[in-house]
Amino acid sequence: MTFEALLRAAPPPLAARWLGSQRIDLAECGSTNDEAGRLARAGARHGTVVIAESQRSGRGRDGRVWQSPKGGLYLSAVLRPTIPLVSVPPMTLAIGIGLCDAARTFGAPAVLKWPNDLLVEDRKLAGVLVEAQSQGQRLDAVVVGIGVNLDTLPEQVSETAISLTEAAGTLIDRELFIAQLLARVERWIERYVGVGLEAIIPAWQERMATGLAARATVDGAPLTGEVTGLDLDGALLLRDEAGQIHRVRSGDVEVIRPSVSPSL
Ligand code: BT5
């Protein structure tokens, strides 16, 4: 291993203070978000983390499947932030920044795709799934799920996904990656909860995949445009051919043109 590769494989230690202070490791489960959700309902404290080596029914947004074979990282955290319920969905952006920084620490040229994807060379390395538990308008807990292809590439998504090993060009120690991930995600959760979206948006845009064209649905009508950034509330901004800017508030954005290599 070259000196440079060694440095990449062993970044300086950085410890989370509260995220993962209580940690439950499972060989297998249905979904770590379900496990963490159960723990949250049973009173688990802020920062409790569940990690599985594989999931039988890993899920993404809107009932999509998250392929979860052994060799990936499947992690969910219970958070009890003092934020209103409406502030939960944009938390995805803050988590994405921490996830992106953790991957970059190990040399992966990772970039963010709105709202919850981490890409390398236009292939998906990781995804974030944020879910809220509430009573009426009162937020009880947030469950943050993160799935990362560490050293495995699920065959069902082999064309569109990438592993961290491939993205970084070297095998990454699982525990070192978890330590970086927890520390960096913790930092960005604190910024989001303490400062708000204004601290998140510039950082997210700095890490955003550039040169993306996307197809979205705006007010029920299909729209194709260039991704230009985020609005103040975290909505995605698309510029159409006429130069008009549109806000995409929810739903998916399908990337239809590969990203340009990011400059890191
Ligand atoms: C996501 O959903 O990207 C959120 C994924 C969150 C997974 C974590 S793992 C720990 C925790 N426990 C859970 O059960 N979930 C969370 P979405 O944006 O809906 O993307 C789903 C899409 O990504 C699928 O429809 C596939 O196209 C693709 N996909 C599925 N598995 C993948 C994988 N392992 N790697 C890359 N892409 C994948």
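In this predicted model, helix α2 spans residues 32-41, and its buried residues are Thr 32, Asn 33, Ala 36, Gly 37 and Ala 40. These residues lie on the same side of α2, because they cover an arc of only 140° around the axis. An α-helix has 3.6 residues a turn, so residues three or four places apart point the same way. The points below follow α2 and its two ends, then turn to the ligand and to the backbone of several loops.

**Helix α2 and its surroundings**

- The buried residues of α2 pack against five strands, namely β1 (22-29), β2 (48-55), β3 (73-79), β6 (123-135) and β7 (138-148).
- At the N-terminal end of α2, Ser 31 acts as a cap, with a side-chain oxygen placed 3.1 Å from the backbone nitrogen of Asn 33, and Asn 33 is itself one of the buried residues of the helix.
- Just after α2 comes Gly 43, whose phi is positive, at about 100°.

**The ligand**

- The ligand is surrounded by 28 residues, of which the closest are Ser 31, Arg 59, Arg 61, Arg 64 and Lys 124.
- Ser 31, which caps α2, also has an N or O atom in its side chain that is 2.7 Å from an oxygen atom of the ligand.
- With Arg 59 the contact involves the backbone, since a polar backbone atom of this residue is 2.8 Å from a nitrogen atom of the ligand.
- In Asn 149, an N or O atom of the side chain is 2.9 Å from a nitrogen atom of the ligand.
- The ligand taken alone exposes 800 Å², and the protein buries 90% of that area.

**Backbone features in the loops**

- Most residues other than glycine have a negative phi, and most peptide bonds are trans.
- Trp 114 and Pro 115 are joined by a cis peptide bond, with omega at about -5°, and Pro 115 is found in the loop between β4 (111-113) and β5 (117-120).
- Asp 62 is a residue other than glycine with a positive phi, near 50°, and its place is in the loop between β2 and β3.
- The relative accessible area of Asp 62 is 68%, and therefore this residue counts as exposed, the cut-off for that class being over 50%.
- Asp 122, in the loop between β5 and β6, is not a glycine either, yet has a positive phi of about 65°.
- Asp 122 counts as partly exposed, because its relative accessibility is 28%, a value between the limits of under 20% for buried and over 50% for exposed.

Technical notes:
Residues are numbered from 1 along each chain as its sequence is written. This is a predicted model: local features need pLDDT of at least 70, side-chain atom pairs count only at pLDDT 80 or more; totals for chains, interfaces and linings use all residues. Side-chain values use heavy atoms; hydrogens and water are left out. Buried means under 20% relative accessible area, exposed over 50%, partly exposed in between (1.4 Å probe, protein chains only). Helices (H or I, at least four residues) and strands (E, at least two) are DSSP runs, numbered from the N terminus. The arc is that of the directions from the helix axis to the C-beta atoms. Contact means heavy atoms within 4.5 Å. A polar contact is a pair of N or O atoms within 3.5 Å; within protein, one must be able to donate a hydrogen and the other to accept it, and residues adjacent in sequence count only if both atoms are side-chain atoms. A residue is near a molecule or strand if one of its heavy atoms lies within 4 Å of it. Accessible areas come from the Shrake-Rupley method with a 1.4 Å probe; for residues, only the protein chains shown count as cover.
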